[in-house]
Amino acid sequence: MSFLASSRRHARAAFLALALTCAGLAWAGAARAADSTGNYAVRGLGSSPCTQFIAAVDGNSPQLRSYIAWLEGAVSMGNRLSPGVFDTVPFSASGALAAVVMRRCREQPAQPFEAAVRLTLEQLQPLRVTTNSPWVEMTVGNNRVTLRAETLAVVQGRLGGLGLLTTPPDGRFSVATREALKRFQQMRRLPTTELPDPDTLLALLGQP
């Protein structure tokens, strides 16, 4: 799926991202963005129900680009407002994050899109990146995943805690790391991509 657009669409995306400020403030720091009762206004596509996002994805409609722009704006604002955080999500591709949000939307289609995004980012909090660490591109067969080295080190630590990896975390996609991922995926009955894909990352987050 391609999210490339014309210059006009890029301008529209920039406007949508800017309009997201209120929503980004909301989940980045409620004390700075909500009223005394914890409520806050959500503007634009964030206020639409997940059913509309699902329809945009399933139909591959032009509005999908606007949802991606909204999502990217949310992440950028969260990065700016979260102390000690360089990047609030571990994925390099917006499509990967959108896929995780989509899962949550399918579970509760009536909830606002903003709520699904906020809850997804909260779920991914353990994988937040604190430094501008380099991207690590991993390819197995026709599948490819790109994560930051810091995130991959966290993944390796989780695998080590499960007794699946004996080498220390180093943020490198070694043969041992690939084999450990394969064993974990088999244990959890996940597709054996041998990569730290979104499904595998979410499953690892549920582990001690």
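Mentor: Helices, of at least four residues, and strands, of at least two, are DSSP runs numbered from the N terminus. Keep in mind that this is a predicted model.

Trainee: Thanks! How many helices and strands does the secondary structure of the chain come to?
Mentor: Try reading along the sequence, where the pattern goes α-α-α-α-α-α-α-β-β-α-α-α. The secondary structure comes to 10 helices and two strands.

Trainee: Which helix gives the most to the largest nonpolar core?
Mentor: Start with the core itself, which has 46 residues. Among those with the most contacts inside it are F53, V101 and L159. With seven residues, the helix that gives the most to this core is α5, residues 63-81.

Trainee: Which residues does F53 touch, leaving out those up to four places away in sequence?
Mentor: Good one to pick, since a contact here needs heavy atoms within 4.5 Å. With sequence neighbours up to four places away set aside, F53 touches L64, Y67, A98, V101, M102, C105 and F113.

Trainee: How many residues of the lining of the largest cavity are nonpolar, polar and charged?
Mentor: Let's find the place before we sort the residues: the structure holds one cavity of 30 Å³ or more, and about 30 Å³ of space lies in the largest cavity. Its lining is made of L127, V154, V155, R158, L201, L204 and L205, with α8 (149-161) and α10 (198-205) each supplying at least two residues. Arg counts as charged, while Leu and Val count as nonpolar. Sorted that way, the lining has six nonpolar, no polar and one charged.

Trainee: What share of the 208 residues of the chain counts as buried?
Mentor: Here the cut-off is under 20% relative accessible area. By that standard, the buried share of the 208 residues is 43%.

Key. Residues are numbered from 1 along each chain as its sequence is written. This is a predicted model: local features need pLDDT of at least 70, side-chain atom pairs count only at pLDDT 80 or more; totals for chains, interfaces and linings use all residues. Side-chain values use heavy atoms; hydrogens and water are left out. A nonpolar core is a set of buried Ala, Val, Leu, Ile, Met, Phe, Trp, Tyr and Cys residues joined through side-chain atoms within 4.5 Å. Buried means under 20% relative accessible area, exposed over 50%, partly exposed in between (1.4 Å probe, protein chains only). On a 1 Å grid over the protein atoms alone, a cavity is a set of points where a 1.4 Å probe fits but cannot get out, and a pocket is an open set with protein on both sides within 12 Å along at least five of seven lines; lining residues have an atom within 4 Å of a point. Grid points are joined across faces, edges and corners, and a volume is the space filled by probe spheres set on the points.
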